[in-house]
Amino acid sequence: MGKAEGQVLVKAENLKRYFRVEAGLFSRGKARWVHAVDGVNLHIRKKEIFGLVGESGCGKTTVGKLFLGLERPTSGSVYFDGVDISKLSREELRKLRREMGIVYQHPQSSLNPRMLIEETLRRPIEIHKLAKNEQEKKRMILDVLDEVGIERYLLERYPHELSGGQQQRIAIARILLLNPKFIVLDEPTSALDVLVQAHVLNILSNLHEKFGFSYLFISHDLDVVEHISDRMAVMYVGKIVELARKKDLRRRAMHPYTRSLLAAVPIPDPRKKMKKREILRGEVPSAISPPRGCRFHPRCPHAMDICRKKEPKFKDVGGGHYVACYLFKSSR
Amino acid sequence: MSVVEKGRKVGLSISGYFRKLARSPAWTYLKRDERAWIGFALVILVVGTAIFADFIAPYGINDRLIEEAPFARPPGGAFILGTDSQGRDVFSRVIQGTRIALEIGLLLVALEAVIGVPLGLMAGYYGGKVDELVMRAVDVALSFPGLVLAAAFIGFFGSGLNNLIIALSLTGWAAFARITRAQALTIKEQPYVESARAIGEKDRTIISKYILPNGISPLIVIATMTLPAAILLASALNFMGLGVQEPTPAWGAMLTGARSEVLDGIWWTALFPGVAIIITVLGFNFLGDALRDALDPRLREYKYV
Amino acid sequence: MSEPILRIRGLKTYFFMERGTVKAVDGVDLDVGKKQILGLVGETGCGKSVTAHSVLKLVPYGGTIVAGKILFEGRDLLKLSNEEMRKVRGTEISMIFQDPETSLDPVFTLGYQIGEPIELHQVIEQHLISPKEVPKKVLEALQTVGIPDPKARVDSYPHQLSGGMKQRGMIAMMITGTPKLLVADEPTTALDVTIQAQILDLMRKLRQKLGTSIFLITHDLAVVAEMCDRVAVMYAGQLIEETDIIPLFEQPLHPYTQVLINAIPKPGAKRGKLATIPPLIPNLMRLPRGCRFHPRCPKATDKCKRVKPQMIEAERGHLVRCHLYS
């Protein structure tokens, strides 16, 4: 399908980010490393919604921060519109910030509790000098409020006086002011009730439709990611194990981890209880000392000898479907 | 236009602050805390006395009012708190002493905060070498016994109000720096700080608009609690004769003079400056305690009627 | 269905606050059958968690059960003394909480924490077993909940365990007395999906093996669909619909339930077109007149604004609180 294969906007090349774990007081020098992100390659096209799914601690949030330059990679590069942002200075990066934005999981902690909503929304305009005068500022603020469906009187409130859904919409409005090209949505609806989640998802979809942003939508909730994304990838212990167009990921899931993830998600249909489905045993391994070979092999029902020794390559199996597993052959 | 603009903005932020205060749960809690009311009443009493000292005190601080021995007269008559061994009115001196005590307390707290808060903010926010440097300085400051260092400083540079304040601030700033750093360390991990970076805020603005305002509560508490401690320390130094000198009516210095007289049955010259110290210290401590509890959301929760 | 094990009748739990009374639970009637898994769903702040805590008389500070009956096997728990109630907890009724991180005591080993209720109830109070048998019982409990290598885990402290393991440990602690009723308050909300699947599976197995009835409180309709036999939907302190699991998903009657089910992003739902209603959270201190849901209801009529609807049996075994069906 040659459908909307637009230009690449953001690209990660062999992206790695390790965090140092402080060893105890008396064991300096023996520092250990958390391999939070360990060799991620992916690109997001213009006007694309890209979903990233994984369980807690798989490194998906770190990928989002690396994409925005909020974390510096240990190695590898992130290209934004052709510019390698991992090589930019702090100040150059700061100026690039109006091109991108991030929405966090917990809306109440992503807004400054001591700032009125009005000032919160005023800041981006002032930092990047987006308005010529006070009237224009006011107009811009009122415009974005309409976009996210927030009433004007809330401008005079503090974040804690708003509901979770309202706070999240203010966080979105703040980013809209910058009119960026790329927005990272890090579990934007995970802390919200289902009705509020539906509302926020609708707003995000409509804004995407209207302004043509690219989204990186990060979540542990497969259904939500599948609902909103064009393409999606599954992450496991710092690596992407499978990447496909969203229709293919459920229908033609290949990687055993993806399949067990799909099997584990409860389905809101009482006639399809999971009794018969296979339940994945064991737990996510530590990212400090990930298993050798394929990282999933200790839990994998299909593990072979080679899986324990050599790490599988991330290969193209055709139709824009990629998987890192020995069970499948490359289409080339 | 621009002047009007500025006025409007300032007005907005100040009225906003009070609106926020009135609506904040801390305020609701504080209103119900009797310690806060007692503390507040005592502080008002002390501050009021300091402001109107000249009107309240019936005599001058150095007026020798008794012409013939015994110069020290017990409380009663024209001298409600008696007179001291030089025939001066104890009441007037205690009242005027309030000014000195508050002056020392306020100046010292201000000086400590001015040094400590910015250093703590930078140490906490930037981390790394800056942090290392500031924290080692804090360690050094805290490892000196404050009173001894202050005594040595005064011994070297001479006594007097200014030197007393500088001497005490040599170690006192460290408490502010440490608390501020701890605040900055936790606040900088908050998503709203990262989201400020994500919209392109400069480090300076992040520190002043995001970190400081959110970390101010414990600083207010520390300031309220440092004030009485400073008054006590200053009294101790004055008592040792290292601070404010005679004939200035500092409470500590008044106690020094009264020390030998107590044995002769002249108790009033020692008692009343002591009571003044206790009232002042107690007032600020009550207020500080109540503020600490009110501003700490964990202590406030579930406090229903 | 045989005689229910738990009958809640007219339960009212209020929080008396400075600014007014929060009617968190305002007249709830509910039955949990023997070996049944009953789900209670609703949004944050609808009162579902307070209902669950009321069953064990563990209402958070500031709240009071002002009226109602909680009949457990015919006995009214609300009439029991604190001491009698304490004996019921952990032996006959147990509770699993949402956050395994804060429910285990960080300074004691897992084995000690599981052993303590056994020692207290079965050794000291009921003289069922000798103290020497306690370690064996602990190991058994750990095996039942499927903790790998239970002998080694007995001596682990909570911080050495993963979230899923802690939740298993919590459950182990709760089933040592083979309770007849397990109250589970959002037991998997803090867990990853693959771990959630394991814990849900474990709860189903417990029901099978020990015949435990489960009162499951959750906001997640998908979990309800996986687990429950019967479901009650709660809104603003009251039940608004109660029925068996399949009719709830296939013929939801109350407009609120209908929106709730259609708001879930299901495969095939069109982007930007999820069902939703005005995101107004009901203020439990100032409830609207008439039906509590009417300000958000897409089907509200004039009657809904004036008259309080009663819970009626619209179809056999299908209760709903809505004027559309009266």
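**Figure 1. Accessible surface and overall build of chain C in the predicted model.** Chain C exposes an accessible surface of about 14100 Å². Carbon and sulfur atoms account for 52% of that area. Buried residues make up 54% of the 326 residues in the chain. Secondary structure comprises 12 helices and 12 strands. The radius of gyration is 21 Å, close to the 20 Å given by the globule rule for 326 residues, so chain C is as compact as a globular protein of that length. Along the principal axes, its C-alpha atoms fill a box of roughly 70 × 50 × 45 Å.

**Figure 2. Contacts and charges in chain C.** Take the contacts between residues at least 6 apart in sequence: 63% of these join residues at least 24 apart. The charged side chains number 43 positive and 35 negative. The centres of these two sets lie 6 Å apart.

**Figure 3. An open four-stranded sheet in chain C.** The strand order is β2-β1-β4-β5, and the pairing is antiparallel. Strands β2 (20-32) and β5 (75-76) of chain C stand at the edges. Each has a single partner strand, so one side of each is left without a neighbour in the sheet. Strands of a sheet pair through backbone hydrogen bonds, either parallel or antiparallel.

**Figure 4. The β1-β2 pair of chain C.** Strand β1 covers residues 6-17 of chain C. Its antiparallel pairing with β2(C) runs over 10 bridges. Within this pair, C:Phe15 stands opposite C:Val22, a residue of β2(C).

**Figure 5. C:Glu73, a non-glycine residue with positive phi.** The phi angle of C:Glu73 is about 50°. The residue sits in the loop between β4 (63-72) and β5 of chain C. C:Glu73 has a relative accessible area of 39%, so it counts as partly exposed. Strand β5 (75-76), at one end of this loop, is an edge strand of the sheet in Figure 3.

**Figure 6. C:Thr178, also a non-glycine residue with positive phi.** Here phi is near 40°. C:Thr178 lies in the loop between α7 (163-175) and β7 (181-185) of chain C. Its relative accessibility is 48%, and C:Thr178 is therefore classed as partly exposed.

**Figure 7. A:Thr120 in helix α3 of chain A.** Helix α3 spans residues 117-127. A:Thr120 has a relative accessible area of 2%, so it is buried. Neighbours within four places in sequence are left aside here. The contacts of A:Thr120 are then A:Leu111, A:Met115 and A:Arg174. The last of these, A:Arg174, falls within the residue range of α5 (164-178) of chain A.

**Figure 8. A:His160 in a loop of chain A.** The loop containing A:His160 runs between α4 (134-148) and α5 (164-178) of chain A. A:His160 is partly exposed, at a relative accessible area of 47%. A:Ser331 is 171 residues away along the chain. The C-alpha atoms of A:His160 and A:Ser331 are separated by 53 Å.

**Figure 9. Helix α11 of chain B and its cover.** Helix α11 spans residues 251-259 of chain B. Which of its residues are buried? They are B:Trp251, B:Gly252, B:Ala253, B:Met254 and B:Ala258. What covers these buried residues? The cover includes three helices of chain B: α5 (90-126), α10 (203-239) and α12 (268-295).

Conventions. Residues are numbered from 1 along each chain as its sequence is written. Chains are lettered from A and ligands numbered from 1 in the order in which they are written. This is a predicted model: local features need pLDDT of at least 70, side-chain atom pairs count only at pLDDT 80 or more; totals for chains, interfaces and linings use all residues. Side-chain values use heavy atoms; hydrogens and water are left out. Helices (H or I, at least four residues) and strands (E, at least two) are DSSP runs, numbered from the N terminus. The radius of gyration is taken over C-alpha atoms; the globule rule is 2.2 Å times the number of residues to the power 0.38. Buried means under 20% relative accessible area, exposed over 50%, partly exposed in between (1.4 Å probe, protein chains only). Contact means heavy atoms within 4.5 Å. Accessible areas come from the Shrake-Rupley method with a 1.4 Å probe; for residues, only the protein chains shown count as cover. Lys and Arg count as positive and Asp and Glu as negative; His and the chain ends are not counted. The place of a charge is taken as NZ of Lys, CZ of Arg, CG of Asp or CD of Glu. Two strands pair if DSSP finds at least two bridges between them.
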